[in-house]
Amino acid sequence: MELKLIDEQGQEASRLEASDTLFGREYNEALVHQVLVAYQANARGGNRAQRDRHDVAHTTKKPWRQKGTGRARAGMSSSPIWRGGGRAFPNLADENFSHKLNRKMYRAGMASILSQLARDDRLAVVDSLTVEAPKTKLFAAKIKGMGYESVLVITDALDENVFLAARNLPNVLVLEVHQADPVSLVRFGKVLMTRAAVAKFEEILG
(Lines give C-alpha, C1' and ligand atoms only; values in the text may rest on other atoms or scores of the structure.)
Protein backbone atom coordinates (compact mmCIF):
# COMPACT_ATOMS: atom_id res chain seq x y z
CA MET A 1 0.00 0.00 0.00
CA GLU A 2 1.33 3.45 -0.93
CA LEU A 3 0.60 6.50 1.21
CA LYS A 4 0.73 10.11 0.06
CA LEU A 5 3.87 11.91 1.26
CA ILE A 6 3.41 15.69 1.28
CA ASP A 7 5.73 18.66 1.73
CA GLU A 8 5.25 21.73 3.93
CA GLN A 9 3.04 23.33 1.26
CA GLY A 10 0.67 20.37 1.32
CA GLN A 11 1.68 19.23 -2.16
CA GLU A 12 2.31 15.57 -2.88
CA ALA A 13 6.07 15.06 -3.02
CA SER A 14 6.19 11.28 -3.46
CA ARG A 15 4.60 8.04 -2.32
CA LEU A 16 5.57 6.08 0.77
CA GLU A 17 5.44 2.30 0.71
CA ALA A 18 3.52 1.05 3.75
CA SER A 19 2.30 -2.26 5.15
CA ASP A 20 -0.73 -3.78 3.42
CA THR A 21 -1.67 -5.44 6.71
CA LEU A 22 -2.10 -2.07 8.37
CA PHE A 23 -3.08 0.26 5.53
CA GLY A 24 -4.55 -2.11 2.95
CA ARG A 25 -7.07 -4.03 5.03
CA GLU A 26 -10.70 -4.40 3.92
CA TYR A 27 -13.09 -2.19 5.89
CA ASN A 28 -15.09 -4.08 8.53
CA GLU A 29 -17.91 -1.80 9.68
CA ALA A 30 -19.23 -4.15 12.36
CA LEU A 31 -15.77 -4.56 13.92
CA VAL A 32 -15.07 -0.82 13.83
CA HIS A 33 -18.41 -0.15 15.52
CA GLN A 34 -17.63 -2.69 18.23
CA VAL A 35 -14.17 -1.20 18.82
CA LEU A 36 -15.57 2.34 19.08
CA VAL A 37 -18.35 1.34 21.48
CA ALA A 38 -15.96 -0.66 23.66
CA TYR A 39 -13.37 2.13 23.75
CA GLN A 40 -15.93 4.72 24.86
CA ALA A 41 -17.58 2.35 27.35
CA ASN A 42 -14.22 1.48 28.93
CA ALA A 43 -13.46 5.19 29.36
CA ARG A 44 -16.72 5.73 31.23
CA GLY A 45 -16.53 6.20 34.98
CA GLY A 46 -19.11 4.90 37.44
CA ASN A 47 -19.77 8.34 38.85
CA ARG A 48 -23.56 8.39 38.96
CA ALA A 49 -25.85 7.13 41.68
CA GLN A 50 -29.54 7.19 42.55
CA ARG A 51 -31.04 6.96 46.01
CA ASP A 52 -33.14 4.05 47.16
CA ARG A 53 -35.87 4.39 49.78
CA HIS A 54 -33.28 3.97 52.52
CA ASP A 55 -31.27 6.98 51.31
CA VAL A 56 -34.02 9.58 50.77
CA ALA A 57 -34.70 11.96 53.66
CA HIS A 58 -38.27 11.10 54.56
CA THR A 59 -40.04 10.48 57.83
CA THR A 60 -40.96 6.91 58.67
CA LYS A 61 -44.31 8.02 60.05
CA LYS A 62 -47.37 6.48 58.41
CA PRO A 63 -48.97 9.22 56.24
CA TRP A 64 -52.52 8.40 57.33
CA ARG A 65 -54.33 5.67 59.15
CA GLN A 66 -54.76 2.30 57.53
CA LYS A 67 -58.55 2.24 57.27
CA GLY A 68 -61.48 4.59 56.96
CA THR A 69 -60.04 7.38 54.79
CA GLY A 70 -61.11 6.01 51.41
CA ARG A 71 -57.51 6.30 50.16
CA ALA A 72 -55.11 3.54 49.31
CA ARG A 73 -53.01 2.06 52.07
CA ALA A 74 -49.66 3.83 52.59
CA GLY A 75 -46.90 3.03 55.02
CA MET A 76 -44.08 5.47 54.22
CA SER A 77 -43.66 8.46 51.92
CA SER A 78 -40.28 7.09 50.80
CA SER A 79 -42.11 4.44 48.77
CA PRO A 80 -40.91 4.17 45.13
CA ILE A 81 -44.46 4.84 43.87
CA TRP A 82 -44.55 8.22 45.63
CA ARG A 83 -43.19 11.42 44.13
CA GLY A 84 -39.85 12.10 45.83
CA GLY A 85 -39.59 8.52 47.00
CA GLY A 86 -36.56 6.31 46.60
CA ARG A 87 -35.88 4.30 43.46
CA ALA A 88 -36.79 0.63 43.56
CA PHE A 89 -33.74 -0.45 41.53
CA PRO A 90 -31.31 2.50 41.64
CA ASN A 91 -28.21 2.98 39.52
CA LEU A 92 -25.16 2.43 41.68
CA ALA A 93 -21.99 4.52 41.71
CA ASP A 94 -19.75 1.47 41.31
CA GLU A 95 -21.52 0.16 38.21
CA ASN A 96 -19.15 -1.41 35.71
CA PHE A 97 -19.63 -0.27 32.11
CA SER A 98 -16.54 -1.94 30.62
CA HIS A 99 -16.65 -4.11 27.50
CA LYS A 100 -14.21 -6.93 26.89
CA LEU A 101 -12.34 -6.56 23.62
CA ASN A 102 -9.66 -8.97 22.47
CA ARG A 103 -6.30 -7.47 21.54
CA LYS A 104 -6.47 -8.95 18.05
CA MET A 105 -9.88 -7.38 17.50
CA TYR A 106 -8.65 -3.96 18.65
CA ARG A 107 -5.63 -4.14 16.33
CA ALA A 108 -7.77 -5.29 13.42
CA GLY A 109 -10.26 -2.48 14.07
CA MET A 110 -7.50 0.16 14.16
CA ALA A 111 -6.02 -1.26 10.94
CA SER A 112 -9.46 -1.18 9.32
CA ILE A 113 -9.89 2.51 10.23
CA LEU A 114 -6.41 3.45 9.00
CA SER A 115 -6.96 1.55 5.74
CA GLN A 116 -10.24 3.35 5.10
CA LEU A 117 -8.61 6.72 5.83
CA ALA A 118 -5.92 5.92 3.28
CA ARG A 119 -8.48 4.82 0.67
CA ASP A 120 -10.54 7.99 1.20
CA ASP A 121 -7.43 10.18 0.79
CA ARG A 122 -7.89 11.47 4.35
CA LEU A 123 -4.48 10.24 5.49
CA ALA A 124 -1.21 11.93 4.56
CA VAL A 125 2.39 11.53 5.68
CA VAL A 126 5.03 14.21 6.26
CA ASP A 127 8.75 13.70 6.86
CA SER A 128 8.71 15.67 10.11
CA LEU A 129 6.63 18.32 11.84
CA THR A 130 8.37 20.93 13.97
CA VAL A 131 8.06 24.60 14.92
CA GLU A 132 10.86 26.89 16.05
CA ALA A 133 9.06 28.12 19.17
CA PRO A 134 6.01 27.06 21.22
CA LYS A 135 3.78 29.64 19.55
CA THR A 136 0.22 28.82 18.53
CA LYS A 137 0.43 31.36 15.71
CA LEU A 138 3.44 29.59 14.16
CA PHE A 139 1.86 26.14 14.28
CA ALA A 140 -1.51 27.42 13.02
CA ALA A 141 0.23 29.05 10.05
CA LYS A 142 2.15 25.83 9.30
CA ILE A 143 -1.00 23.70 9.39
CA LYS A 144 -2.95 26.21 7.29
CA GLY A 145 -0.09 26.35 4.79
CA MET A 146 -0.40 22.59 4.36
CA GLY A 147 -4.10 23.00 3.56
CA TYR A 148 -5.60 21.82 6.85
CA GLU A 149 -8.21 23.46 9.05
CA SER A 150 -9.14 20.47 11.21
CA VAL A 151 -6.56 17.69 11.54
CA LEU A 152 -5.34 14.93 13.82
CA VAL A 153 -1.53 14.95 13.95
CA ILE A 154 0.23 11.73 14.99
CA THR A 155 3.96 11.77 15.71
CA ASP A 156 6.38 9.09 16.86
CA ALA A 157 7.65 11.25 19.76
CA LEU A 158 5.89 14.37 20.94
CA ASP A 159 7.90 17.52 20.32
CA GLU A 160 7.35 19.93 23.22
CA ASN A 161 7.13 22.99 20.96
CA VAL A 162 4.51 21.30 18.78
CA PHE A 163 2.49 20.15 21.79
CA LEU A 164 2.48 23.58 23.44
CA ALA A 165 1.73 25.37 20.16
CA ALA A 166 -1.17 23.08 19.23
CA ARG A 167 -3.02 22.75 22.52
CA ASN A 168 -4.97 26.01 22.08
CA LEU A 169 -6.20 25.12 18.58
CA PRO A 170 -9.75 23.71 18.92
CA ASN A 171 -9.69 21.79 15.63
CA VAL A 172 -6.19 20.32 15.95
CA LEU A 173 -5.12 17.41 18.16
CA VAL A 174 -1.52 16.20 18.45
CA LEU A 175 -0.91 12.67 19.74
CA GLU A 176 1.91 10.19 19.93
CA VAL A 177 1.45 6.81 18.27
CA HIS A 178 0.72 4.99 21.55
CA GLN A 179 -1.93 7.62 22.40
CA ALA A 180 -3.80 7.28 19.10
CA ASP A 181 -7.31 5.94 19.65
CA PRO A 182 -10.13 4.84 17.32
CA VAL A 183 -12.48 7.67 18.37
CA SER A 184 -9.98 10.39 17.43
CA LEU A 185 -9.17 8.68 14.12
CA VAL A 186 -12.86 8.62 13.18
CA ARG A 187 -13.72 12.06 14.55
CA PHE A 188 -11.21 14.06 12.52
CA GLY A 189 -11.75 14.50 8.80
CA LYS A 190 -8.01 14.52 8.08
CA VAL A 191 -5.09 12.67 9.67
CA LEU A 192 -1.45 13.73 9.29
CA MET A 193 1.35 11.37 10.35
CA THR A 194 5.09 11.71 10.41
CA ARG A 195 7.12 9.12 8.54
CA ALA A 196 8.50 7.77 11.81
CA ALA A 197 4.96 7.44 13.18
CA VAL A 198 3.98 5.22 10.25
CA ALA A 199 6.95 2.95 11.00
CA LYS A 200 5.99 2.78 14.68
CA PHE A 201 2.37 1.98 13.82
CA GLU A 202 3.59 -0.91 11.66
CA GLU A 203 5.78 -2.10 14.54
CA ILE A 204 2.95 -1.96 17.11
CA LEU A 205 -0.07 -3.04 15.07
CA GLY A 206 1.53 -4.88 12.18
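Below is a friendly exchange about the predicted model above and the labels used for its parts.

User: Before we start, what kind of model is this, and how are residues numbered?

Analyst: This is a predicted model, in which local features need pLDDT of at least 70 and side-chain atom pairs count only at pLDDT 80 or more, while totals for chains, interfaces and linings use all residues. Residues are numbered from 1 along each chain as its sequence is written, and side-chain values use heavy atoms, with hydrogens and water left out.

User: What makes β1 and β2 a pair, and in which sense do they run?

Analyst: Two strands pair if DSSP finds at least two bridges between them. Strands themselves are DSSP runs of E with at least two residues, and helices are runs of H or I with at least four, numbered from the N terminus. Strand β1 (residues 2–6) and β2 share 5 bridges, so they meet the rule, and their sense is antiparallel. Within this pair, E2 stands opposite E17 in β2.

User: How do you know that the pairing in the open sheet is mixed or uniform?

Analyst: It is mixed, across 6 strands in the order β2-β1-β3-β6-β4-β5. The edge strands, each pairing on one side only, are β2 (12–17) and β5 (172–176). On average, neighbouring strands are turned by 30° against each other, direction ignored. Angles like this come from lines fitted to C-alpha atoms (for helices over the stretch in contact) and run from 0 to 180 degrees between N-to-C directions. In contrast to the antiparallel β1 and β2, β1 and β3 pair in the parallel sense over 3 bridges, with I6 opposite V126 in β3. β3 and β6 are also parallel, over 4 bridges, and here L123 stands opposite V191 in β6.

User: Which way do L123, A124, V125 and V126 point from β3?

Analyst: L123 and V125 point one way, A124 and V126 the other, and all are buried. In a regular strand the side chains alternate between the two faces of the sheet.

User: What does helix α3 touch when it packs on the sheet?

Analyst: Helix α3 (residues 103–119) touches β1, β3 (123–126) and β6 (191–194), and its direction makes about 85° with that of β3.

User: Why is S112 called buried or exposed?

Analyst: Buried means under 20% relative accessible area, exposed over 50% and partly exposed in between, using a 1.4 Å probe and protein chains only. S112 has 0%, so it is buried. This residue is in helix α3. Leaving aside neighbours within four places in sequence, S112 is in contact (heavy atoms within 4.5 Å) with R25, E26, Y27, N28 and V32.

User: And what makes A93 buried, exposed or partly exposed?

Analyst: A93 has 39% relative accessibility, so it falls in the middle class and counts as partly exposed. A93 lies in the loop between α2 (29–42) and α3. Its C-alpha is 5.0 Å from that of R48, although the two are 45 residues apart in sequence.

User: Why is T194 called buried or exposed?

Analyst: At 5% relative accessible area, T194 is under the limit and therefore buried. T194 lies in strand β6, and its contacts beyond four places in sequence include V125, V126, I154 and T155.

User: How do you know which residues form the largest nonpolar core, and which touch the most other members?

Analyst: Such a core is a set of buried Ala, Val, Leu, Ile, Met, Phe, Trp, Tyr and Cys residues joined through side-chain atoms within 4.5 Å. The largest has 29 residues, and F23, L114, I154, L185, M193 and F201 touch the most other members. The largest share, 6 residues, comes from α3. A second, separate core of 18 residues includes I143, V151, L169 and V174.

User: What makes R44 and F97, or R71 and W64, a charge over a ring?

Analyst: The rule asks for NZ of Lys or CZ of Arg within 6 Å of the ring centre and within 35 degrees of the ring normal. R44 lies over the face of F97 at 3.7 Å from the ring centre, and the charged end of R71 sits over the ring of W64, 4.0 Å from its centre. Both distances are within 6 Å, so that part of the rule is met in each case.
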